[in-house]
2 protein chains.
Amino acid sequence: MVIRVDAIGIIKTSSSSMEVRKAQHGVSGHIKIYDQYLDGLTGIEGFSHLIVVAYLHQVTPIQRQVLQVRYRRLLHRGVKLEQLPLVGVFCSDSPHRPNPVAVTIVELVKREGSQLFVNGLDLFNNTPVLDIKHYTPNRVIQNISLPQWYKELEDKIVQAEKVAG
Amino acid sequence: MVIRVDAIGIIKTSSSSMEVRKAQHGVSGHIKIYDQYLDGLTGIEGFSHLIVVAYLHQVTPIQRQVLQVRYRRLLHRGVKLEQLPLVGVFCSDSPHRPNPVAVTIVELVKREGSQLFVNGLDLFNNTPVLDIKHYTPNRVIQNISLPQWYKELEDKIVQAEKVAG
C-alpha cells in the first residue's frame with residue numbers, strides 16, 4: 001500500500017540529534033507549520049499539550065525490518081545489552097519499526113503565527129510532521145497496568161538515574 | 001513526499017460504521033496482526049492499553065483538503081451546526097484532515113496469537129493499521145489545560161447527554 005502524505009510542517013530545534021537522544025524529557029524547539037495549513041491551527045491556543053505525529057525520515061529500509069529490540073536506555077549506565085529483555089517493537093519506543101511513525105506528546109508553550117513553540121520534543125531537527133492533534137482529557141488513562149518485564153526495566157532505569165545523580 | 005507504508009494489520013469489528021460513529025466510548029473488536037509482523041508483539045501481554053496508529057482509508061482526496069471543522073457530536077442533540085465554533089482540524093478529532101491518520105487509545109483485553117482483542121475502537125471494520133505502541137505512564141499528562149471554547153463545548157455535550165438520559 002502506498003499512501004501519499006504531505007508534511008504539514010517540520011520540527012525545528014537547535015539541539016543536536018545526540019542531545020535529542022540523550023534528553024530524558026525531550027528538548028525545546030518549535031514546529032513550523034507550512035502556510036497552506038495555517039487555518040488548521042485555528043483555536044489551538046490554550047491547549048497545554050499536543051500530540052505530534054511525525055515521519056522518522058532517517059530510518060532506513062533495513063531498520064524498517066526490525067521486529068524485536070532491547071530497550072537501549074540502560075546501555076550507557078553500564079548495563080550490558082544481553083541483560084536487557086528482547087521485546088517486540090510494538091511495545092517499544094524504537095524508531096526502528098515497520099512504519100517509522102512517531103507519536104509524541106509535547107507541551108505547547110506559545111503559538112506565534114505559523115510557529116508552535118514546544119517542550120518535550122524527542123524528534124530530530126527537520127523531521128517532517130504529518131499531523132497534530134490536541135491532547136484532551138480522554139487521552140489520560142487512569143489505572144493502566146504494565147507487564148512485569150516492563151516494570152522491572154523501569155525500576156532499573158530509576159535506580160541507574162539515582163546512582164548517576 | 002510519498003512514503004511507502006505497509007499495513008501491519010487490520011481492524012476487525014462486527015459493529016457497523018454507523019455504530020462506530022455513534023458509540024461514545026468506542027466499540028469492541030480485534031486487531032488482526034499479519035503473520036510477518038507477529039514477532040513485533042513479543043511481550044505485549046500485560047499492557048492494559050495500546051495506542052493504535054491507523055490509516056483512515058475511506059477519507060477522500062477532497063476531504064483531505066479540509067482545514068477547519070465544527071465538532072459534530074452535538075448535532076444529533078438538537079444543536080444547530082452554525083451554533084458550533086469553527087476550529088482547526090489540528091485541534092479536532094475529525095477524520096477529514098490533510099493526512100488521515102488516527103491515533104486511538106484502546107484497552108487490550110487479551111491476545112490470542114495474532115489477534116489483539118480490544119475495547120474502545122473508534123475505527124471502522126477493515127481499517128488498515130500502521131503501527132501499535134504501548135500506552136505507558138509517561139503518556140498520562142496531569143494538569144492539562146484547555147481553551148475556553150473547548151471547555152464550553154464539552155459542557156454542552158455533558159448537558160445534552162444528561163437530557164438524553
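**How the two chains meet**

In this predicted model, A:Val140 is the residue of chain A that comes closest to the rotation axis, its C-alpha lying at 2.5 Å. A turn of 180° with a shift of 0.0 Å along that axis lays chain A on chain B with an RMSD of 0.0 Å. This is the relation of a two-fold axis. The interface follows the pattern: 100% of the interface residues of chain A are also interface residues in chain B, so the copies meet through the same surface.

Each side brings a good list of residues to the contact, with 62 from chain A and 62 from chain B. The area buried between the chains is about 5900 Å², and carbon and sulfur atoms give 60% of it. In chain A, the residues that lose the most area to chain B are A:Met1, A:Ile3 and A:Phe90, which together make up 14% of what that side buries.

Polar interactions also cross the interface. Between chain A and chain B, 36 residue pairs are in polar contact, and two salt bridges are found. In one salt bridge, A:Arg97 joins B:Asp131, with the closest N and O atoms 2.8 Å apart. Several elements of chain A supply at least two residues each to the side that touches chain B, among them strand S4 (49-55), strand S7 (101-112) and helix H2 (148-164). The largest share, six residues, comes from S9(A). By residue type, this side of chain A divides into 36 nonpolar, 16 polar and 10 charged residues.

Strand pairing links the chains as well. S1(A) pairs with strand S1 (residues 2-4) of chain B in the antiparallel sense, over three bridges. Here A:Arg4 stands opposite B:Val2.

Definitions and conventions: Residues numbered from 1 in each chain as written. Chains lettered and ligands numbered in written order. Predicted model: local features only at pLDDT ≥ 70, side-chain atom pairs only at ≥ 80, totals over all residues. Heavy atoms only, no water. Least-squares fit on C-alpha atoms with pLDDT ≥ 70 in both. Contact = heavy atoms within 4.5 Å. Buried area = accessible area lost by both parts, 1.4 Å probe. Salt bridge = Lys/Arg side-chain N within 4 Å of Asp/Glu carboxyl O. Polar contact = N/O pair within 3.5 Å; in protein donor to acceptor, adjacent residues only side chain to side chain. Helix = DSSP H or I, 4+ residues; strand = E, 2+ residues; numbered from the N terminus. Nonpolar A, V, L, I, M, F, W, Y, C, P; charged D, E, K, R; others polar. Pairing = 2+ DSSP bridges.
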